[in-house]
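Here are my notes on the model you sent over. I've kept them as numbered points so you can follow along with the structure open.

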Amino acid sequence: MEPEMEDKTLELMNTSGMESQNLVDDLSPKKNTVLKHTNGPVVGSRKRPSQGNYEKEKEHCITLFDQWSEADQVEFVERLISRMCHYQHGHINSYLKPMLQRDFITALPAQGLDHIAENILSFLDARSLCSAELVCKEWQRVISEGMLWKKLIERMVRTDPLWKGLSERHQWEKYLFKNRTAEPPNSYYHSLYPKIIQDIETIEANWRCGRHNLQRIQCRSENSKGVYCLQYDDDKIISGLRDNSIKIWDKQSLECLKILTGHTGSVLCLQYDDRVIVTGSSDSTVRVWEVKTGEVLNTLIHHNEAVLHLRFANGLMVTCSKDRSIAVWDMASPTDISLRRVLVGHRAAVNVVDFDDKYIVSASGDRTIKVWSTSTCEFVRTLNGHKRGIACLQYRDRLVVSGSSDNTIRLWDIECGACLRVLEGHEELVRCIRFDNKRIVSGAYDGKIKVWDLQAALDPRAPASTLCLRTLVEHSGRVFRLQFDEFQIISSSHDDTILIWDFLNVSTNGQPEGRSPSRTYTYISR
């Protein structure tokens, strides 16, 4: 104890005559308290002077106590508490507990700090926010005036692609992320939230049960029939056809907007962004087209045989070919594309490539998947397991999902090269595959599209019978390519059609499952 504090304690403890002795006695319950055991609770009996002396001594103590600093007061109280018995501690705890339980949400606005109360409550999830509204009128006012239901919806739209997609399709995104004086009240967003949850549950049920609205584009190829590749956005679908053309379709009306010609062989692969379409063909060339005008901006002549697949992003492009090689290109601009490196090592046609900032991944008819460093283009490792050639793959984060002519799909950990799961069910070559955080969707030469539960597939305890959620059968020929998002699958086939499988806008009377076989399945929710 500090010298000054010691002096104050001595002053308090050494009052003259009987007052001193009485005060010491009063502060020393361990010495003077007698615990009596009765049939009821344990009670303490203590000796203390007459009421008049006690009141006088108490006032003297309080006077001295009030003169000390807060730190000294705390230290003195700690010392008093340390001299008390458990029974006294219980009384003190009962006294302090309501003092410490403060309604800060109500108290903050009273201090002009509404924004802090709003910020605290903005971290609540929907269930907790509902409960908070029922606490009292002041809490309900803070939530309402702070537009916390709107902020919760905005947070979900920012972080969840399903919420973002719904906001765009149902037009309530126009009210979000804006400070508008005439915006809907908090009650609008409160009632909107459960409707969004209902939409999400309906979409998930449609995926599980195979309920969908089907739209069909007949490509009407003049010569050879078949749609080898496609990509889509909210406005258009761009497809590469066996008849050497590239067709651009309006996604709403399904009308053909434009036909691009120039390749002298089938268009086997494509990718586009806001500015350009890049295509690869069996004529061994890669062509770069302007999206708006359809004009050819560049033609790359490098591969000796058909260009089977390509990917580009962030100034880098990777192409692969039937000539067993992989070409890595630097894309400074659509007209300034230079060859950086050629990767060799596969012993058969390289059918597919994918990449990110860390790895380039390639798959070949030689039954292997090879991993290369994106920055150095050096070989890293080979993934072995498929029993026949590999036709398709997708790579993201640590996960690689591949499809093969052995009719299986394999999931791989790219860092250690381990095969995590084998999915069986297709009856012929698995030609195309895509996955997101929830699902894997695959298309095969058996004409079927299968939807798989990704999270269950990554769980080694999940039975194989639970992994395939639904089989979709509408194509009459081999499925060549597909893409999907939270609301739809778009697929193309040797039957010269593009199908749009819409799981959002399903008629209320239900969509018959068509030729999709009935099956027993278990949906594992993650």
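1. A word on vocabulary before the strands come up: two strands pair if DSSP finds at least two bridges between them. By that rule, strand E26 (residues 448–453) and E27 are a pair, antiparallel and joined over five bridges. Please keep in mind that this is a predicted model.

2. Let's stay with that pair for a moment. Across from Trp452 you'll find Cys468, which sits in E27. The two strands belong to an open sheet of four, ordered E24-E25-E26-E27, with antiparallel pairing. Strand E24 (430–435) and strand E27 (468–473) are the edge strands, and each of them pairs on one side only. Direction ignored, neighbouring strands in this sheet are turned by 20° against each other on average. Helix H13 (residues 186–209) packs on the sheet, where it touches strand E25 (439–444), E26 and E27. The direction of H13 makes about 70° with that of E27.

3. One loop residue in this region is worth a click. Asn437 lies between E24 and E25. Is Asn437 buried or exposed? Its relative accessible area is 54%, and exposed means over 50%, so Asn437 counts as exposed. Leaving out residues up to four places away in sequence, Asn437 touches Arg396, Leu454 and Gln455. Asp453 is 16 residues from Asn437 in sequence, and their C-alpha atoms are 9.5 Å apart.

4. Now for another four-stranded open sheet, with the order E8-E9-E10-E11 and antiparallel pairing. Strand E8 (267–272) and E11 are at the edges with a single partner strand each, so one side of each has no neighbour in the sheet. The average turn between neighbouring strands here is 20°, direction ignored.

5. E10 gives a good view of the inside of that sheet. Strand E10 covers residues 285–290, and five of its six residues are buried. With strand E9 (residues 276–281), E10 pairs in the antiparallel sense over five bridges. If you want to trace the register, Ile277 has Trp289 as its bridge partner, and Val278 has Val288. E10 is also joined by five bridges to strand E11 (residues 296–301), again running antiparallel. There, Val286 stands opposite Leu300.

6. Both connections are hairpins, and each has a backbone detail to look at. Three residues lie between E9 and E10, and Ser284 in that hairpin takes a positive phi near 75°. Between E10 and E11 there are five residues, and Gly294 in the turn has a positive phi of about 80°.

7. Which residues does Ser266 touch, not counting those up to four places away in sequence? The contacts are Tyr228, Leu241, Arg242, Asn244, Gly280, Ser281 and Ser282. Ser266 itself is found in the loop between strand E7 (256–260) and E8. Despite being in a loop, Ser266 counts as buried, at 14% relative accessibility.

8. On to the helices. Helix H9 (residues 126–133) and helix H10 (residues 137–145) have axes that come within 7 Å and cross at roughly 130°. The two are therefore oblique to each other. On the H9 side the contact uses Leu129, Ala132 and Glu133, which meet Trp139, Gln140 and Ile143 in H10. Sorted by class, that contact has four nonpolar, one polar and one charged residues.

9. Finally, the annotations. An unreviewed UniProt entry places "domain: F-box" at residues 114–152. In the model, residues 114–152 are 77% helix and 0% strand, with the end C-alpha atoms 18 Å apart. UniProt also carries "repeat: WD" (unreviewed entry) over residues 220–259, 260–299, 300–339, 343–382, 383–422, 423–455 and 472–502. Residues 300–339 come out as 0% helix and 68% strand, with the end C-alpha atoms 10 Å apart. For residues 472–502, the figures are 0% helix and 65% strand, with 12 Å between the end C-alpha atoms.

Definitions and conventions. Residues are numbered from 1 along each chain as its sequence is written. This is a predicted model: local features need pLDDT of at least 70, side-chain atom pairs count only at pLDDT 80 or more; totals for chains, interfaces and linings use all residues. Side-chain values use heavy atoms; hydrogens and water are left out. UniProt positions are given in the numbering used here, feature names are shortened, and annotations may be inferred rather than shown by experiment. Buried means under 20% relative accessible area, exposed over 50%, partly exposed in between (1.4 Å probe, protein chains only). Axes are lines fitted to C-alpha atoms, for helices over the stretch in contact, and angles run from 0 to 180 degrees between N-to-C directions. Angles under 35 degrees count as roughly parallel, over 145 as roughly antiparallel, 65 to 115 as roughly perpendicular and the rest as oblique. Contact means heavy atoms within 4.5 Å. Ala, Val, Leu, Ile, Met, Phe, Trp, Tyr, Cys and Pro count as nonpolar, Asp, Glu, Lys and Arg as charged, and the others, Gly among them, as polar.
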